[in-house]
Amino acid sequence: MRLEAIPNPSLSRRFLPPILALIATVFVASFLAMVAGGNPFAVLGLIIKGAVGSKFALLETLNRATPLIFTGLAVAVAFRAKLWNIGAEAQLYSGAIVAVLMGTGALAWSSPALIPAMIICSMSAGALLLLIPTLLKTRLGVDEVVTTLLLNFIFLLLVSLLLEGPLKDPMGMGWPKSARLLAEARLPRIVDGLRLHWGFGIALIAAFVIWIVNTKTTFGYAMRAVGYNAEAARYAGMPVNLIMMQTALLSGGLAALAGFSEVAGLKGTLTLDLSPGFGYSGIIVAMLALLHPLGVVVAALFVAGVFVGADSMSRAAGVPTYLADIMLATALLLMVVAVLLTKFRIMRD
Amino acid sequence: MGEVVLRLEGITKNFGALKANENVSLNLEKGEVLALLGENGAGKTTLMNILFGQYTADSGRVEVFGKTLPPGMARAALDAGVGMVHQHFTLAHNLSVLENVILGTSSLWSWKLQYKQARQQLLELANRYHLKINPDAKVSALSVGERQRVEILKALFRQAKILILDEPTAVLTPQETESLFKTLTEATEQGLSIIFISHKLHEVMKIAQKVAILRHGKLIATKETRETSPNELAALMVGNPIRPPAVTERDSGPVVMELLNVSTESQHHSKGLKNVSMRLCSGEIVGLAGVSGNGQTSIADLVAGLITPSQGKLHLDGKPIDQWSPRQSVLSGIARIPEDRHHAGTIADFSLTENSIIERYRDQPFARHGWVNWQAAEGFTQELIRQYDVRCPGPDTRIRLLSGGNMQKLILGRVLQNDPRVILAHQPSRGLDIGAVHYVHKKLLEARQKGATILLISEDLDEILQLSDIIHVASAGRVSPPFQRGKVTPTELGGWMSGAAFAKQETLHAP
């Protein structure tokens with residue numbers, strides 16, 4: 001068995017394999033649900049119901065998708081330029097810290113002034129945080145996979161330090177959490193009465209903007225050129241290191257927005273469990289989306305739906321939520337294979 | 001007539017609308033060298049990939065030693081005794097020669113046991129075919145010619161009885177080609193059969209007994225080399241008789257670019273320059289000859305803006321250049337045709353359109369306020385495809401699907417379109433077929449006629465002698481004094497290439 005390249009894949013060739021990958025994922029999940037003692041149809045039904053079956057479920061999924069869109073975009077932008085940013089988790093927390101620093105009473109501004117200021121400052125924090133590993137990479141050749149990954153742990157400890165110290169809520173009865181954000185610093189809901197905040201709206205806008213940047217601007221063109229072939233980009237006169245740093249600023253900023261939107265939109269406060277690994281899930285989201293910004297939205301909704309649906313299924317059917325992790329891992333693996341099949345055909349010997 | 005070892009019967013292969021091979025039938029006899037001749041995109045490589053099981057033919061049959069090969073199985077071709085040396089080598093750089101040779105020949109468990117025996121076998125083979133090689137050398141430390149030897153040894157080690165060589169001389173110096181031919185002759189005498197893919201006519205005439213000519217995927221003719229002539233082959237290959245472009249006399253204009261006692265640091269892949277002076281005038285082609293790796297890359301990188309002099313000065317229009325970068329080089333009106341069109345010249349996964357604007361994506365008319373004007377870019381690309389005869393499905397095609405010649409045509413078009421003042425042509429015709437080579441030469445001569453300054457760097461002495469008004473020779477980072485067209489013999493140039501003439505010059509100038 002071997003692979004043969006297809007020069008001009010047809011439309012069905014491009015879209016069928018990914019769809020089949022999703023169907024296959026469902027089969028694997030059903031089998032595992034059965035092993036765990038559940039009825040596979042009931043389990044899948046419960047997951048879907050839990051993800052989109054009611055207004056509450058749907059809103060929960062959208063809320064969960066919001067930070068994933070941000071981190072997914074952050075990873076997609078960086079990976080496209082072959083900047084291996086594994087540190088979206090740290091950048092997320094840097095955005096959250098800035099949101100708390102500015103939103104808990106330090107600035108007595110009204111919402112229209114305060115929220116944009118918080119967005120800009122959060123993004124700057126995340127941007128600068130990714131700039132450090134990028135400078136180490138371009139100047140000294142230090143592998144950014146290692147540095148960005150390690151920064152995640154450093155930042156989690158920093159957050160812990162802050163929550164036990166200067167940022168600790170005096171009214172928190174000893175819990176390691178920050179003070180609550182002022183009402184002016186909170187992101188309003190998109191529709192009154194529905195538990196969905198503007199973070200989701202900003203995420204959609206961000207995805208659209210990144211798509212435009214990628215396809216229509218010279219910066220997007222340069223980012224892709226550097227990612228595909230840095231040598232040719234340098235030969236053609238592109239400022240490769242500068243483009244790398246600009247990419248880092250954009251990627252870090254996007255990841256920080258995830259932290260900002262979780263604090264200012266959803267939680268209202270900073271705790272150590274603000275992110276259940278959104279930074280890492282962002283990598284899955286970006287890969288599932290094949291690094292396409294609009295695909296990131298779809299992939300984030302899928303990943304969020306699986307998580308939310310599995311939570312609810314677990315309560316009803318007694319099958320562990322680990323099923324969600326397995327489903328996502330299976331989906332990712334199969335998607336990688338499916339993408340291969342959009343470009344190659346399998347030849348039998 | 002000898003025993004037929006390989007038979008291709010009615011091979012047809014389509015890629016979409018493109019007919020890569022159409023009903024091609026060939027016979028290869030034992031102990032014979034069969035040359036497969038054809039232009040870029042004529043279907044030579046596709047045919048060999050089918051034979052070797054890398055592609056599956058739409059119809060047709062491959063028969064080796066009387067047995068039909070299952071289609072699309074490289075393993076079967078290998079087992080049947082077919083070995084292929086690809087144009088782009090498939091060696092692991094960080095492994096030794098021996099490790100590369102035995103890679104994949106035995107199961108992992110028996111690895112250690114086979115080492116000693118394999119070394120013995122390898123040395124025997126090397127001895128038998130006069131392929132001098134050190135089995136313990138790292139491949140990364142070998143020259144291109146030596147790497148090719150390893151590839152051939154790899155095939156022989158796998159007991160190949162039929163050897164396919166895809167454009168083996170494209171990357172070799174004349175001396176290396178000579179020694180390759182000796183090896184091939186040796187091999188056929190010992191009973192091997194060889195398919196030699198090429199588009200260099202004099203090589204084909206020299207090494208092959210039989211020539212099969214492909215054009216547009218069809219087998220046009222099969223000729224005995226003793227009954228044909230290079231002219232006839234050329235005509236068969238391109239469909240109509242071609243002549244190399246004529247060089248007209250022309251007076252040179254003012255000095256445009258000048259290297260004044262330039263020295264550079266040696267880069268990891270190229271020798272640094274030592275006190276080099278060169279003068280490039282308008283309306284003339286300055287040829288830089290020399291064996292590869294003697295400082296040519298440094299001169300090319302210097303003109304392209306990738307490196308700056310550590311000592312000495314680079315002058316443009318009589319003014320010293322202070323700020324120098326690839327971008328500055330582009331902005332100064334220097335057209336750069338890079339040596340490595342796959343890595344430096346193009347981005348494989350970008351479309352033709354995206355590749356044509358790569359040097360000018362920030363400038364009018366392709367950009368305005370940070371937005372790319374894709375309409376202008378595509379219009380420009382359509383124009384290049386039309387004017388420079390780039391054979392491709394369309395401007396949206398990824399450039400990796402183009403043949404080397406068509407890729408080079410796009411690069412030529414991209415840099416020549418705005419009538420550049422200086423043209424840096426680094427190995428512009430390497431690996432191209434006759435038609436494409438003549439095309440490149442014609443375009444360079446046209447630019448010269450328009451008054452452009454051209455620096456032609458080539459390892460092909462014939463190319464240098466044919467085109468250049470002024471000739472320099474590079475050797476060990478030094479550059480010879482200029483020689484006028486027709487005032488120097490190849491033997492004299494050879495003296496400079498080997499470095500001997502430099503030594504003589506130094507003793508002459510010694511106090």
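Two residues are taken to be in contact if their C-beta atoms, placed from the backbone, lie within 7 Å. With that in hand, the meeting of the two chains in this predicted model is a good place to start. On this basis, 21 residues of chain A are in contact with 29 residues of chain B. On the side of chain A that touches chain B, the elements giving two or more residues are strand 1 (2-5), helix 8 (218-228) and helix 9 (230-235) of chain A. Helix 8 of chain A provides the largest share of that side, with six residues.

The overall form of chain B comes next. Chain B contains 18 helices and 23 strands. Its C-alpha atoms fill a box of roughly 70 × 60 × 50 Å along the principal axes. A compact globule of 511 residues would have a radius of gyration near 24 Å, and because chain B has 24 Å, the two agree. Of the 511 residues of chain B, 45% count as buried. Among contacts in chain B with a separation of 6 or more, 69% are between residues 24 or more positions apart.

From the whole, the view can move to the interior. In soluble globular proteins, nonpolar side chains tend to be buried together. Here, the largest nonpolar core has 248 residues, and the members touching the most others are A:Leu73, A:Val296, A:Val303, B:Leu424 and B:Leu456. Helix 10 (residues 240-267) of chain A gives the most to this core, with 13 residues. The surroundings of A:Leu73 give a sense of the packing. Leaving aside neighbours within four places in sequence, A:Leu73 is in contact with A:Ala206, A:Ala207, A:Ile210, A:Leu254, A:Pro293 and A:Val296.

Another of these core members, B:Leu456, belongs to strand 20 of chain B, where B:Ile454 and B:Leu456 point one way while B:Thr453, B:Leu455 and B:Ile457 point the other, and all are buried. Since five of the five residues of strand 20 (residues 453-457) of chain B are buried, this strand is largely enclosed by the rest of the structure. Strand 20 of chain B has two parallel partners to consider. Strand 13 (residues 285-289) of chain B runs parallel to strand 20 of chain B and is joined to it by four bridges. Strand 19 (residues 422-426) of chain B also pairs with strand 20 of chain B in the parallel sense, over five bridges. B:Ile457 takes part in both pairings: B:Leu288 has B:Ile457 as its bridge partner, and B:His426 stands opposite B:Ile457.

A second strand arrangement in chain B is an open sheet of four strands, in the order 12-11-14-15, with antiparallel pairing. Strand 12 and strand 15 (319-320) of chain B are its edge strands, each pairing on one side only. Strand 11 (residues 255-263) of chain B is antiparallel to strand 12 of chain B, with five bridges joining them; here B:Met257 has B:Leu280 as its bridge partner. Strand 11 of chain B also pairs with strand 14 (residues 311-316) of chain B in the antiparallel sense, over five bridges, and in this pairing B:Lys313 is the bridge partner of B:Leu260. Strand 12 (residues 276-281) of chain B has two faces: B:Val276, B:Met278 and B:Leu280 form the covered one, and B:Ser277, B:Arg279 and B:Cys281 the uncovered one.

In chain A, helix 5 (residues 111-140) deserves a closer look. At 1.5 Å a residue, its 30 residues should span 44 Å; because the end C-alpha atoms are 43 Å apart, the expectation and the model agree. Helix 5 of chain A nevertheless has a kink of about 25° at A:Ile132, shortly before the proline A:Pro133. Just after this helix, A:Gly141 takes a positive phi of about 75°.

Some backbone details in chain B complete the picture. Most residues other than glycine have a negative phi, and most peptide bonds are trans. B:Asn23, in strand 2 (residues 18-29) of chain B, has a positive phi near 50°. B:Asn23 counts as partly exposed because it has 14 C-beta neighbours inside 10 Å. B:Asp389 has a positive phi near 55° and lies in the loop between helix 13 (374-387) and helix 14 (404-416) of chain B. A cis peptide bond, with omega about -5°, joins B:Gln364 and B:Pro365; B:Pro365 is found in the loop between helix 12 (352-356) and strand 17 (367-368) of chain B.

Key: Residues numbered from 1 in each chain as written. Chains lettered and ligands numbered in written order. Predicted model: local features only at pLDDT ≥ 70, side-chain atom pairs only at ≥ 80, totals over all residues. Buried ≥ 20, exposed ≤ 12 C-beta atoms within 10 Å, placed from the backbone. Pairing = 2+ DSSP bridges. Rg over C-alpha atoms; globule rule 2.2 N^0.38 Å. Expected span 1.5 Å × (residues − 1). Bend = angle between axes of the 7 residues up to and from the residue. Core = buried A, V, L, I, M, F, W, Y, C linked by C-beta atoms within 7 Å.
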